[in-house]
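Thanks for sharing this one. Here are my notes, set out as numbered points so that you can check each against the coordinates.

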Amino acid sequence: MEVPPVAAADLALPPPAEGSGEIAARVAAARDRQRTRFARLDKALVRGAITNADAEGELLEAIATPEAPAQALLLDAARRLRLSARAYHRVLKVARTIADLAGAQTVGRLHVAEALSFRRMEPVA
């Protein structure tokens, strides 16, 4: 993910609504959700995975199948952006993590949209 430099005008903005302590707590809660989810699944399916990033194949399908509108968005984006299978699965893993950070049980359209927004864009020639 590319992060542009901070503009001088941005330095005068009010502080973020969420502090680093709150963010750390949200991340810890998301990790707990992942651990709990993996613990409930068949060990043969999990095969040592401890985070969404570790999920592959059937495990990824079991934990991150998006809701219908989210699936439609992901399929449309995959077609338009010509995502490889690897990129498609990476977006799905990120969307599952975004859903965990939000405390959501399922991967929704907004989670997929946010995950897609993190895709690195090719420079315009």
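1. Let me begin in a loop: Arg47 sits between helix H2 (43-46) and helix H3 (57-64). Please bear in mind throughout that this is a predicted model. Arg47 has a positive phi of about 45° although it is not a glycine. That caught my eye because most residues other than glycine have a negative phi. Arg47 is also exposed, its relative accessible area being 66%.

2. A second arginine deserves the same look at its backbone. Arg82 is not a glycine either, yet its phi is positive, near 55°. You will find Arg82 in the loop between H4 and helix H5 (85-102). With a relative accessible area of 75%, Arg82 is exposed.

3. Now for the overall picture. The protein chain contains 6 helices and 0 strands, and the pattern along the sequence reads α-α-α-α-α-α. Along the principal axes, the C-alpha atoms fill a box of roughly 50 × 40 × 25 Å. Of the 125 residues in the chain, 30% are buried. Among contacts with a separation of 6 or more, 53% come from residues 24 or more positions apart.

4. On the surface and the charges: the chain exposes about 8,700 Å², and carbon and sulfur atoms supply 59% of that area. There are 18 positive and 15 negative side chains. The centres of these two sets lie 3 Å apart.

5. How do the axes of helix H4 and helix H6 cross? Helix H4 covers residues 68-81 and helix H6 covers residues 109-117; their axes come within 8 Å and cross at roughly 25°. Angles under 35 degrees count as roughly parallel, and H4 and H6 are therefore roughly parallel to each other. On the H4 side, the residues that meet H6 are Pro69, Ala70, Leu73, Leu74, Ala77 and Leu81. Their counterparts in H6 are Arg109, Val112, Ala113 and Leu116.

6. Ala70 gives a good close-up of that pairing. This residue belongs to helix H4 and counts as buried, at 0% relative accessibility. Leaving aside neighbours within four places in sequence, Ala70 is in contact with Val107, Gly108, Arg109 and Val112. The C-alpha atoms of Ala70 and Val112 are separated by 6.1 Å, although the two residues are 42 apart along the chain.

7. Is His111, in helix H6, buried or exposed? At 13% relative accessibility, His111 counts as buried, since the cut-off for buried is under 20%. Not counting residues up to four places away in sequence, His111 touches Ala95, Ile98, Ala99, Ala102, Ala104 and Thr106. For a sense of scale, the C-alpha atoms of His111 and Ser20 are separated by 22 Å, with their positions 91 residues apart along the chain.

8. Which residues does Lys93 touch, beyond those up to four places away in sequence? They are Asn52, Ala53, Ala55, Glu56 and Leu60. Lys93 lies in helix H5 and is buried, with 14% relative accessibility. The C-alpha atoms of Lys93 and Arg109 are 14 Å apart, and the two residues are 16 positions apart along the chain.

9. Gln34 is worth inspecting next. It is part of helix H1 (residues 20-40) and is buried, having a relative accessible area of 4%. Outside its neighbours within four places in sequence, Gln34 is in contact with Ile50, Thr51, Asn52, Thr97 and Asp100. Asn52 thus appears in the contact lists of both Gln34 and Lys93.

10. Lastly, a look at the segment before H1, where Ala17 is found. Ala17 counts as exposed, at 86% relative accessibility. Ala17 and Phe118 are 101 residues apart along the chain, and their C-alpha atoms are separated by 21 Å.

Conventions:
Residues are numbered from 1 along each chain as its sequence is written. This is a predicted model: local features need pLDDT of at least 70, side-chain atom pairs count only at pLDDT 80 or more; totals for chains, interfaces and linings use all residues. Side-chain values use heavy atoms; hydrogens and water are left out. Helices (H or I, at least four residues) and strands (E, at least two) are DSSP runs, numbered from the N terminus. Buried means under 20% relative accessible area, exposed over 50%, partly exposed in between (1.4 Å probe, protein chains only). Contact means heavy atoms within 4.5 Å. Accessible areas come from the Shrake-Rupley method with a 1.4 Å probe; for residues, only the protein chains shown count as cover. Lys and Arg count as positive and Asp and Glu as negative; His and the chain ends are not counted. The place of a charge is taken as NZ of Lys, CZ of Arg, CG of Asp or CD of Glu. Axes are lines fitted to C-alpha atoms, for helices over the stretch in contact, and angles run from 0 to 180 degrees between N-to-C directions. Angles under 35 degrees count as roughly parallel, over 145 as roughly antiparallel, 65 to 115 as roughly perpendicular and the rest as oblique.
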